[in-house]
Amino acid sequence: MGERVAHLVTGRLLGYIEFEDDYVMIKTPSPGRDHRSPLNQSRPQSKYAAMVVKVKRQGESFTQATADTVVNRRDVLVVAGRTSAVEPAAV
């Protein structure tokens with residue numbers, strides 16, 4: 001619990017859940033720019049070993065991220081992966 005609070009207080013994280021010793025899901029604002037290409041082209045999973053699971057646009061509910069999802073600057077993301085891959089991206 002202390003780790004979770006520390007992550008929420010010190011970084012950009014809006015939510016943090018640890019499932020296994022080295023696997024987490026985080027809720028975080030998007031990196032701050034429009035990506036203009038779908039996830040299957042920007043490939044965050046292969047570049048960062050992290051997967052965008054859900055996307056929430058302003059004024060809408062969370063939706064499942066697909067290969068065709070384009071992340072916008074004001075989106076909120078749910079990202080899953082190894083702790084070492086996911087946490088640095090959100091700090």
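## A walk through the five-stranded sheet

Let's start with the sheet: five strands lie in the order β1-β2-β5-β3-β4, paired antiparallel, and the sheet is open. Its edges are β1 and β4, each of which has a pairing partner on one side only. Going from one strand to the next, the twist averages 25 degrees. Keep in mind that this is a predicted model. As a general reminder, the strands of a sheet are held in pairs by backbone hydrogen bonds, in either a parallel or an antiparallel sense.

Now zoom out to the whole chain. Along with its five strands, the chain has four helices. Read from the N terminus, the elements come as α-β-β-α-α-β-β-β-α. The chain counts 91 residues, and 35% of them are buried.

Back in the sheet, take β3, which covers residues 50-56. How many bridges join β3 to β5? There are six, and the pairing is antiparallel. On the other side of the story is β4, which β3 meets through three bridges, again in the antiparallel sense. Where exactly do these strands touch? Lys-54 has Val-78 of β5 as its bridge partner. Val-55 is a handy residue to click on, as it faces two ways along the sheet: Leu-77 stands opposite it in β5, while in β4 its bridge partner is Thr-63.

The β3 and β4 strands form a hairpin with five residues between them, and there Gly-59 adopts a positive phi near 75 degrees.

From Val-55 you can hop to a residue outside the strands. Val-71 sits in the loop that links β4 (62-64) to β5 (76-82). Its C-alpha atom is 7.7 Å from that of Val-55, with their positions 16 residues apart along the chain. Is Val-71 buried or exposed? Val-71 is a loop residue, yet its relative accessible area is 4%, so it counts as buried, the cut-off being under 20%.

Next, move over to β2, residues 23-29, where you'll find Met-25. With a relative accessible area of 23%, Met-25 is partly exposed. Met-25 also has a long-range neighbour to look at: Val-86 is 61 residues away in sequence, but the two C-alpha atoms are 7.9 Å apart in space.

Finally, head for the edge strand β1. It spans residues 15-20 and includes Phe-19. Which aromatic residues pair up here? The structure holds one aromatic pair, and it is made by Phe-19 and Tyr-23: the ring centres are 6.2 Å apart and the planes meet at 55 degrees, so the pair is tilted. Planes would have to be under 30 degrees apart to count as stacked, or over 60 for edge-to-face.

Both rings belong to residues with some access to the surface. Phe-19 is partly exposed, at a relative accessible area of 44%, and Tyr-23 is partly exposed too, at 36%. These two residues join Ile-17 in a nonpolar surface patch of about 290 Å². Why can Phe-19 and Tyr-23 be part of such a patch? Patch residues need over 30% relative accessible area, and the values of 44% for Phe-19 and 36% for Tyr-23 meet that requirement.

Notes:
Residues numbered from 1 in each chain as written. Predicted model: local features only at pLDDT ≥ 70, side-chain atom pairs only at ≥ 80, totals over all residues. Heavy atoms only, no water. Patch = residues over 30% accessible without salt bridge, like charges linked within 9 Å, V, L, I, M, F, W, Y side chains within 5 Å. Areas by Shrake-Rupley, 256 points an atom, 1.4 Å probe, with all protein chains shown as cover. Salt bridge = Lys/Arg side-chain N within 4 Å of Asp/Glu carboxyl O. Buried < 20%, exposed > 50% of the residue type's maximum accessible area, 1.4 Å probe, protein only. Phe/Tyr/Trp six-rings, centres within 6.5 Å; stacked < 30°, edge-to-face > 60°. Pairing = 2+ DSSP bridges. Axes fitted to C-alpha atoms, helices over the stretch in contact; angles between N-to-C directions.
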